[in-house]
Amino acid sequence: METAIAKSLKQVMEKVNSAIKNSTKTNRCTLVGASKTKPIELLQQAYDAGLRHFGENYVDEIVTKSPILPQDIKWHYIGHLQSNKIKQVLVPNLYMLETIDSIKQGKRLIILNQQFFITLIRLATKVNKECQKLSKKLKVLIQVKTSTEDTKSGVSAEDVPALVEFIMTQCPNLEFSGLMTIGYEGDENAFIQLYDLKIQICEKFKLNKDEIELSMGMSQDFEKAILYGSTNVRVGTTIFGARDYPMKSQCKEEHIDVAETKQNEQKAENKQTEAQQEEKKSE
Ligand SMILES: *Cc1c(COP(=O)(O)O)cnc(C)c1O
């Protein structure tokens, strides 16, 4: 008997394929199952129905799930990464880290440029170093903060070229593979902005635009995102059903919800400040 997951996965796959056919901006797209908070059994069902790319937001979950599930799964890390969790997130079959960003946000105008640059490259530097220790070459995406989005994570578009250049020239264990954004549901402007940025980056760094990824689009807007050039859609709810966050209390600090309420955002901000202070202490 076909499981509910197999059925919804099949529908999503069909939609992805027809969106690819209708898109003038991409002729391929990877479906990443965003499986945060979902139990192993449901991931296994999706695997059995043919899904191979899974995305997790919480380091604890990827650490728990990846050794148990089949080893040919290609894991994507799609959550905010704190530097004290880098070692753990580098599980053997981590395929792509989608969320290279800078550690501090919004301080650009009040700190010196040199210092800003150090902040911008800090996460990439640390991930590269840990990959070096493991002799691992890791695909990374830069998470971009699109103008219409007010989430805390992501590099602003104007700073992306400097970070790309740094990764390409100074991080031999990282493979710059493209750009990612979260954006608001169905936000065409974010899609357009990210696509234009990709073209700009490809021209500047002489990269093949067919090989550079654009990770955008989720349950509510993945078809639209593909029309606008997405090559990597992250679909959770539509495949796995609604989330009830049973693990939220354990994993709060890594969770960046797309539709956080103002209150939650404030809390998250306080938490981030705490985390940054922690980080400073540990350095
Ligand atoms: C949870 C999550 C998704 C999936 O969202 P759905 O709306 O459930 O499809 C995609 N990307 C990121 C970064 C997420 O955190």
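Okay, before anything else: when I say two residues touch, I mean that their C-beta atoms, placed from the backbone, lie within 7 Å. Keep that in mind, and keep in mind too that this is a predicted model.

Let me start with the overall picture. The chain has 283 residues, and 39% of them count as buried. It holds 11 helices and 9 strands. If you take the contacts between residues at least 6 apart in sequence, 61% of them join residues at least 24 apart.

Now, the residue I'd like to begin with is Val-233, which sits in strand 9. Is Val-233 buried or exposed? It has 27 C-beta neighbours inside 10 Å, so it counts as buried, given that the cut-off for buried is 20 or more. Who does it touch? Leaving out anything up to four places away in sequence, the partners of Val-233 are Val-16, Cys-29, Leu-31, Val-32, Gly-217, Phe-222, Ala-225 and Ile-226. There's also a distance you can check on screen: from the C-alpha of Val-233 to that of Asp-221 is 9.2 Å, with their positions 12 residues apart along the chain.

Two of those partners deserve a stop, Phe-222 and Ala-225. Phe-222 is in helix 8, and Ala-225 has its place in helix 8 as well.

Phe-222 first. With 24 C-beta neighbours inside 10 Å, Phe-222 goes down as buried. Beyond four places in sequence, Phe-222 touches Val-16, Gly-217, Val-233 and Val-235. And have a look at Leu-31: in sequence Phe-222 and Leu-31 are 191 residues apart, yet C-alpha to C-alpha they are 9.5 Å apart.

Then Ala-225. Here we get 32 C-beta neighbours inside 10 Å, so Ala-225 is buried too. With the same four-place exclusion, Ala-225 is in contact with Phe-191, Met-216, Gly-217, Ser-230 and Val-233. For Ala-225 and Ile-192, which are 33 residues apart along the chain, the C-alpha separation is 9.2 Å.

You'll have noticed Val-16 coming up, as a partner of Val-233 and of Phe-222. That takes us to helix 1, where Val-16 is one of the buried residues, along with Ile-5, Leu-9, Val-12 and Ala-19. Why do I say those line one face? Looking down the axis of helix 1, the buried residues fall within an arc of 90°, so one face of the helix is what they line. The general background is that an α-helix has 3.6 residues a turn, so residues three or four places apart point the same way. On the other side of helix 1 you find exposed residues: Lys-7, Gln-11, Glu-14, Ser-18, Lys-21 and Asn-22.

As for dimensions, helix 1 runs over residues 4-22, which is 19 residues, and from first C-alpha to last it reaches 27 Å, close to the 27 Å expected at 1.5 Å a residue.

What does the buried side of helix 1 pack against? The list is strand 1 (30-34), helix 2 (40-48), helix 8 (222-227), strand 9 (232-235) and helix 9 (237-240). So strand 9 and helix 8, where we've just been, are both on it.

Let me zoom in on helix 2. Helix 1 and helix 2 pack at an angle of about 50°, and their axes are 9 Å apart. The two helices are therefore oblique to each other, and their crossing is right-handed. On the helix 1 side the residues involved are Ile-5, Ala-6 and Leu-9, and they meet Leu-42, Gln-45 and Ala-46 of helix 2.

Helix 2 also turns up in the surroundings of helix 3, residues 59-68. The buried residues of helix 3 are Val-59, Glu-61, Ile-62 and Lys-65. Down the axis of helix 3 these fall within an arc of 145°, so again they line one face. Pro-67 and Ile-68 are exposed, on the face turned away from that buried side. The buried residues of helix 3 pack against helix 2, strand 2 (53-56), strand 3 (74-77) and helix 4 (86-89).

One more helix pair and I'm done. Helix 6, residues 160-170, and helix 7, residues 188-204, cross at roughly 45°, with axes coming within 11 Å. That makes helix 6 oblique to helix 7. The contact is made by Val-160, Pro-161 and Val-164 from helix 6 and by Leu-197, Ile-201 and Lys-204 from helix 7. This crossing is right-handed.

Conventions: Residues numbered from 1 in each chain as written. Predicted model: local features only at pLDDT ≥ 70, side-chain atom pairs only at ≥ 80, totals over all residues. Helix = DSSP H or I, 4+ residues; strand = E, 2+ residues; numbered from the N terminus. Expected span 1.5 Å × (residues − 1). Buried ≥ 20, exposed ≤ 12 C-beta atoms within 10 Å, placed from the backbone. Arc of directions from axis to C-beta. Axes fitted to C-alpha atoms, helices over the stretch in contact; angles between N-to-C directions. Parallel < 35°, antiparallel > 145°, perpendicular 65-115°, else oblique. Left-handed = near helix turned anticlockwise from the far one by under 90°.
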